[in-house]
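Here are my notes on the model, as numbered points. Please read them with the structure open.

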Amino acid sequence: MLNIATHSFTDCQALAASLAERVAGLLREAIAARGRAVLAVSGGSTPKHFFEHLSHAELDWPKVQVTLVDERWVPESSERSNARLVKATLLTDRAAAATFVPLHQDTPTPEEGLAALEAQVDALALPFDVVVLGMGPDGHTASFFPGGDRLAEALDPAGTARVIPMRADGAGEPRITFTLPALLDTRALFLHIEGDAKRRVLADAQLGLAEGRDYPVRAVLEQTRVPVTVYWCP
Ligand SMILES: O=C(O)[C@H](O)[C@@H](O)[C@H](O)[C@H](O)COP(=O)(O)O
């Protein structure tokens, strides 16, 4: 039995506001219980409005660490940088007081930056309190791309690496990604998707109807470690 709950909205702004309220509530609970909170978010285009709503949330932001589930290996000056998006849309207003732990180094390749990145990740007070995933139309989530050169390693439930580089035809540039076991080490897991095409991909992935292709998001849907809450709007 898959442990998946879905919240569907007719209005994407309403989704963004509701998801931000839910995430802020969980971060507040974490701070009350443990004195700190750790949030991992996705990049891409979908989370922008969610980030804007969350940036206004009233909570003890200096006690919150924010990181990314994955990053594109581009400088922060690039429009493709997830760090750039997070800094511009989430870490503003009240949330500007949070600590950001980026997943990037100024090295030509992620492999060359990996040791330093692992040290950055060591600074996170893991487990995560909240992880918010997105999904691409090819069924990738985080940087778990179909055909990714290190996909099996990234999805290995027994794997011990927390972050690994990933390259794939559909990825654009090399990536760095938290692995699946690292992301599942969270108290709450959300999957935020928008549009009918993504809803169909998700439904196919749930049913295993990938027509010969594999949708890596399936690994998130089929795991039993942490319930998945899907937020969807058209
Ligand atoms: O860096 C990234 O690309 C993301 O973290 C990735 O996993 C994203 O969530 C999906 O690609 C969906 O992206 P869109 O929201 O742009 O469709």
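1. The smaller topic to check is the antiparallel sheet. In this predicted model, strands S4, S8 and S7 form an open sheet of 3 strands, in the order S4-S8-S7 and with antiparallel pairing. Strand S4 (70–72) and strand S7 (163–166) are the edge strands, and each pairs on one side only. From one strand to the next, the twist averages 20°.

2. Look next at the pairing of S7 with strand S8 (residues 175–178). The two run antiparallel and are joined by 4 bridges. Across this pairing, isoleucine 164 stands opposite threonine 177 of S8. Helix H4 (residues 110–122) packs on this sheet, where it touches S7 and S8. The direction of H4 makes about 155° with that of S7.

3. Now the parallel sheet. It is open and has 7 strands, and its order is S1-S10-S9-S6-S2-S3-S5. Strand S1 (4–8) lies at one edge and strand S5 (99–101) at the other, each pairing on one side only. With direction ignored, neighbouring strands of this sheet are turned by 20° against each other on average.

4. Which residue stands opposite histidine 7? The partner is tyrosine 231, in S10. The strands concerned are S1 and strand S10 (residues 228–233), which pair in the parallel sense over 5 bridges. Strands of a sheet pair through backbone hydrogen bonds, either parallel or antiparallel.

5. Turn to the helix pair. Helix H1 (residues 12–34) packs with helix H2 (residues 48–55) at an angle of about 50°, and their axes are 8 Å apart. That angle makes H1 oblique to H2. The crossing in which H1 passes H2 is right-handed.

6. What makes the contact between H1 and H2? From H1 come Cys12, Gln13, Ala16, Ala17, Leu19, Ala20, Val23 and Ala24. From H2 come His49, Phe50, His53 and Leu54. By class, this contact has 9 nonpolar residues, 3 polar ones and no charged ones.

7. The ligand shell deserves its own look. There are 15 residues around the ligand, of which Gly43, Gly44, Ser45, Thr46 and Gly134 come nearest. By class, the shell has 10 polar, 3 nonpolar and 2 charged residues.

8. Two backbone details need checking against the model. Most residues other than glycine have a negative phi, and most peptide bonds are trans. The peptide bond from leucine 126 to proline 127 is cis, with omega near 10°. Proline 127 sits in the loop between H4 and strand S6 (130–133).

9. The other detail is a phi angle. Aspartate 93 has a positive phi, near 50°, and is a residue other than glycine. Where is aspartate 93 placed? Its place is in the loop between helix H3 (82–89) and S5.

How values were computed:
Residues numbered from 1 in each chain as written. Predicted model: local features only at pLDDT ≥ 70, side-chain atom pairs only at ≥ 80, totals over all residues. Axes fitted to C-alpha atoms, helices over the stretch in contact; angles between N-to-C directions. Parallel < 35°, antiparallel > 145°, perpendicular 65-115°, else oblique. Left-handed = near helix turned anticlockwise from the far one by under 90°. Contact = placed C-beta atoms within 7 Å. Nonpolar A, V, L, I, M, F, W, Y, C, P; charged D, E, K, R; others polar. Near = placed C-beta within 6 Å. Pairing = 2+ DSSP bridges.
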